[in-house]
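Q: I have a model open and want to learn how to read it. Where do I begin?

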Amino acid sequence: MNDEPIDDQITVLDYSSMLYDVRKQRNELRAEFNIVIRQLEEMTHQRDKYKALATELLQSVIDEIKDETQ
């Protein structure tokens with residue numbers, strides 16, 4: 001009964017197999033997507049860290065210039 005054709009040539013088992021493959025692909029893509037998200041979060045963290053260091057360095061240069069001109 002489960003292997004009776006639904007469409008001209010496609011059976012319930014064929015649909016089940018296709019559904020299994022699609023779900024497997026979805027899960028693989030979801031895993032890859034999560035890896036990319038974690039990488040982006042790490043890059044954002046690194047960017048913020050370097051931005052803070054650059055701001056600190058710039059402020060120290062500005063403070064030095066102010067001290068020299070006074």
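The dialogue below goes from the whole chain to single residues.

A: Begin with the source. This is a predicted model. Then take the overall fold, and after that the surface.

Q: How many helices and strands are there in the protein chain?

A: Count the secondary-structure elements before anything else. Here the protein chain has 1 helix and 0 strands. The radius of gyration is 29 Å, well over the 11 Å that the globule rule gives for 70 residues, so the chain is more spread out than a compact globule. Helix H1 covers residues 12-69.

Q: What does the C-alpha trace span along its principal axes?

A: Read the three spans side by side. They are about 95 × 15 × 10 Å.

Q: How do I see that in pairs of residues?

A: Set separation in sequence against separation in space. Take aspartate 21 and leucine 58: they are 37 residues apart in sequence, and their C-alpha atoms are 55 Å apart. Arginine 23 and threonine 55 give a second pair. They are 32 residues apart along the chain, with 47 Å between their C-alpha atoms. Aspartate 21 lies in helix H1, and arginine 23 is in helix H1 too.

Q: Are those two residues buried or exposed?

A: Neither word fits. Buried needs under 20% relative accessible area and exposed needs over 50%. Aspartate 21 has 39%, so it counts as partly exposed. Arginine 23 has 46% and is therefore partly exposed as well.

Q: What percentage of the protein chain counts as buried?

A: Apply the cut-off to every residue. Of the 70 residues, 1% count as buried. The chain exposes about 6700 Å². Carbon and sulfur atoms supply 57% of that area.

Q: Which residues form a nonpolar patch on the surface?

A: Look for nonpolar side chains that are accessible and grouped. Val36, Leu40 and Met43 form such a patch. Together they have about 280 Å² of accessible area. Leucine 40 is in helix H1. Its relative accessibility is 44%, so leucine 40 counts as partly exposed.

Q: Now charge. How many positive and negative side chains are there?

A: Count both signs, then compare where their centres lie. The protein chain has 9 positive and 16 negative side chains. The centres of the two sets lie 5 Å apart.

Q: Which residues make up the patch of negative charge?

A: Search the surface for like charges that gather. Here they are Asp63, Glu64, Asp67 and Glu68. Glutamate 68 is in helix H1. It has a relative accessible area of 65%, so glutamate 68 is exposed.

Q: And opposite charges? How many salt bridges does the count give?

A: Check the gap between side-chain nitrogen and carboxyl oxygen. The cut-off is 4 Å. The count comes to 1 salt bridge. It joins arginine 47 and aspartate 48, whose closest N and O atoms are 2.9 Å apart.

Q: How accessible are the two partners, arginine 47 and aspartate 48?

A: Judge each partner separately. Arginine 47 has a relative accessible area of 51%, so it is exposed. Aspartate 48 has 37%, so it counts as partly exposed.

Definitions and conventions:
Residues numbered from 1 in each chain as written. Predicted model: local features only at pLDDT ≥ 70, side-chain atom pairs only at ≥ 80, totals over all residues. Heavy atoms only, no water. Patch = residues over 30% accessible without salt bridge, like charges linked within 9 Å, V, L, I, M, F, W, Y side chains within 5 Å. Areas by Shrake-Rupley, 256 points an atom, 1.4 Å probe, with all protein chains shown as cover. Helix = DSSP H or I, 4+ residues; strand = E, 2+ residues; numbered from the N terminus. Buried < 20%, exposed > 50% of the residue type's maximum accessible area, 1.4 Å probe, protein only. Lys, Arg positive; Asp, Glu negative; His and termini not counted. Charge placed at Lys NZ, Arg CZ, Asp CG, Glu CD. Rg over C-alpha atoms; globule rule 2.2 N^0.38 Å.
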